[in-house]
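User: Could you walk me through this structure and show me how to read its features? I am happy at the bench but less so with models.

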Amino acid sequence: MSRVWRKVKSDWAAWNSRSLADEPIVRLIFDGTMVRVRLDRKSTSISLLVVIGVRTDCQKVLLAVEAMGGESTEAWRAVLDDLIQRGLRRPEFLIIDGAPGLENAIAAVWDGVPVQRCTVHKHRNVLAHAPDRLHEEISADYNDMIYAATPEEVAARRMAFIRKWRLKHRPVADSLEEAGDRLFTFTRLPPSQWRSVRTTNTIERLHEEFKRRIKTQTVLPSADTAAMLLWALLASGQINMRKVDGWQTLATKPIDQPIDLAA
């Protein structure tokens, strides 16, 4: 058992220091999750910051998983700086959960790269601004907007959503407007790409599977162990990531200017 554990730790260390110069990454997906670990003999919550890349062949690949104290600008900047130092190319498209720290870190290193805010995270945030009795109606309006078939339909339904909810319950409209055009960056790509770029679901599913596997362990032994276990799920083949939806049009670049979605 000790030999196996030493081999896993050795492979983990090698993976963390590998060069990324030859990785043909065009898209990055970011998200974080909280887990409890033992720190100074006490149960402590930490953040696992995860980055998944999409290669030019449309295959998703885990690029980083780092244990941090939270999702601050400094924490995410450390993750990004490490990727860049190991040769990661400037990506063409970014998908984020909307955490301010991540947005600030991205702006500092990749200003100008199109960024998509996760529509699922924003949906939850919009609902949090309203009483439960309005949730079904809000969700129906929100989904009609996000899952419209064309950029023009998205734009029209966005304006209708904001007009309606400014009158009915303004915090809902304000929450949607907070995301700005970054919630609709997906409309700059071909519709066949929309499903794969609207959300951070790829990482969300990884988080869910990881927590399912560790649910019998209330507290993990250490922060390093938590990160290594998440990596090991993929490295061992227990979880596989398929190619992105709309892979046939992945090479299509985002249009230079987003469609006018202003309300």
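Analyst: We will take strands, backbone angles, aromatic rings and enclosed spaces in turn. Please keep in mind that this is a predicted model.

User: Let's begin with the strands. How many bridges join E1 and E2, and in which sense do they pair?

Analyst: To read a pairing, look at the direction of the two strands and then at who faces whom. E1 and E2 pair in the antiparallel sense, over 14 bridges. For a landmark, find Gly-32, which stands opposite Leu-49 in E2.

User: What does E2 do with strand E3?

Analyst: Strand E2 (residues 42–55) runs antiparallel to strand E3 (residues 60–68), and eight bridges join them. Here a good landmark is Ile-52, whose bridge partner in E3 is Leu-62.

User: In which sense does E1 pair with strand E4?

Analyst: That pairing is parallel, and three bridges connect E1 with strand E4 (residues 93–96). Leu-28 is the residue to click on, since it stands opposite Leu-94 in E4.

User: Is E1 largely enclosed or not, and how would I tell?

Analyst: Count the buried residues along the strand. In E1 (residues 25–39), 11 of the 15 residues are buried, so the strand is largely enclosed by the rest of the structure.

User: Now the backbone angles. What should I look for in phi?

Analyst: Most residues other than glycine have a negative phi, so a positive one deserves a second look. In this model Cys-58 has a positive phi near 80°. Cys-58 is placed in the loop between E2 and E3, a hairpin with four residues between the strands.

User: Is Cys-58 buried or exposed?

Analyst: Cys-58 is buried, with a relative accessible area of 5%; the cut-off for that word is under 20%.

User: Which residue takes a positive phi in the hairpin of E1 and E2?

Analyst: There it is Asp-40, with phi near 55°, in a hairpin that has two residues between the strands.

User: On to aromatic rings. How is a ring pair described?

Analyst: A pair of aromatic rings is described by the distance of the centres and the angle of the planes. The count here comes to six aromatic pairs. Take Trp-15 and Trp-231: their ring centres are 6.2 Å apart and the planes lie at 40°, so this pair is tilted. Trp-15 belongs to helix H1 (residues 2–17) and Trp-231 to helix H10 (residues 223–235), so the contact ties together parts that are 216 residues apart in sequence.

User: Are those two rings buried or exposed?

Analyst: Trp-15 is buried, at a relative accessible area of 13%, and Trp-231 is buried too, at 8%. Ring pairs also bring in Trp-12, which forms a cluster with Trp-15 and Trp-231.

For another geometry, look at Phe-186 and Trp-194: this aromatic pair is edge-to-face, with 5.1 Å from centre to centre and 75° between the planes. Phe-186 and Trp-194 are both buried.

User: Which charged end sits over the ring of Phe-186?

Analyst: That of Arg-198, which lies 5.7 Å from the centre of the Phe-186 ring. Elsewhere, the charged end of Arg-27 sits over the ring of Phe-93, 5.8 Å from its centre.

User: Finally, the spaces. How many cavities of 30 Å³ or more are there?

Analyst: The structure holds one, with about 70 Å³ of space. Its lining includes Arg-27 and Phe-93, the two residues we have just met, along with others such as Val-26 and Leu-250. By residue class, the lining has five nonpolar, one polar and two charged members.

User: How much space lies in the largest pocket, and which residues are closest to its centre?

Analyst: The largest pocket holds about 230 Å³. Of its 13 lining residues, Arg-195, Ser-196, Thr-199, Arg-205 and Asp-245 are closest to the centre. To see what kind of wall this is, sort the lining by class: six residues are charged, four polar and three nonpolar.

User: Which helix supplies the largest share of that lining?

Analyst: H9 does, with three residues. Helix H8 (194–197) and helix H9 (201–214) each contribute at least two.

Terms used. Residues are numbered from 1 along each chain as its sequence is written. This is a predicted model: local features need pLDDT of at least 70, side-chain atom pairs count only at pLDDT 80 or more; totals for chains, interfaces and linings use all residues. Side-chain values use heavy atoms; hydrogens and water are left out. Two strands pair if DSSP finds at least two bridges between them. On a 1 Å grid over the protein atoms alone, a cavity is a set of points where a 1.4 Å probe fits but cannot get out, and a pocket is an open set with protein on both sides within 12 Å along at least five of seven lines; lining residues have an atom within 4 Å of a point. Grid points are joined across faces, edges and corners, and a volume is the space filled by probe spheres set on the points. Ala, Val, Leu, Ile, Met, Phe, Trp, Tyr, Cys and Pro count as nonpolar, Asp, Glu, Lys and Arg as charged, and the others, Gly among them, as polar. Rings of Phe, Tyr and Trp (its six-membered ring) pair if their centres lie within 6.5 Å; planes under 30 degrees apart count as stacked, over 60 as edge-to-face and the rest as tilted. Buried means under 20% relative accessible area, exposed over 50%, partly exposed in between (1.4 Å probe, protein chains only). A charge sits over a ring if NZ of Lys or CZ of Arg is within 6 Å of the ring centre and within 35 degrees of the ring normal.
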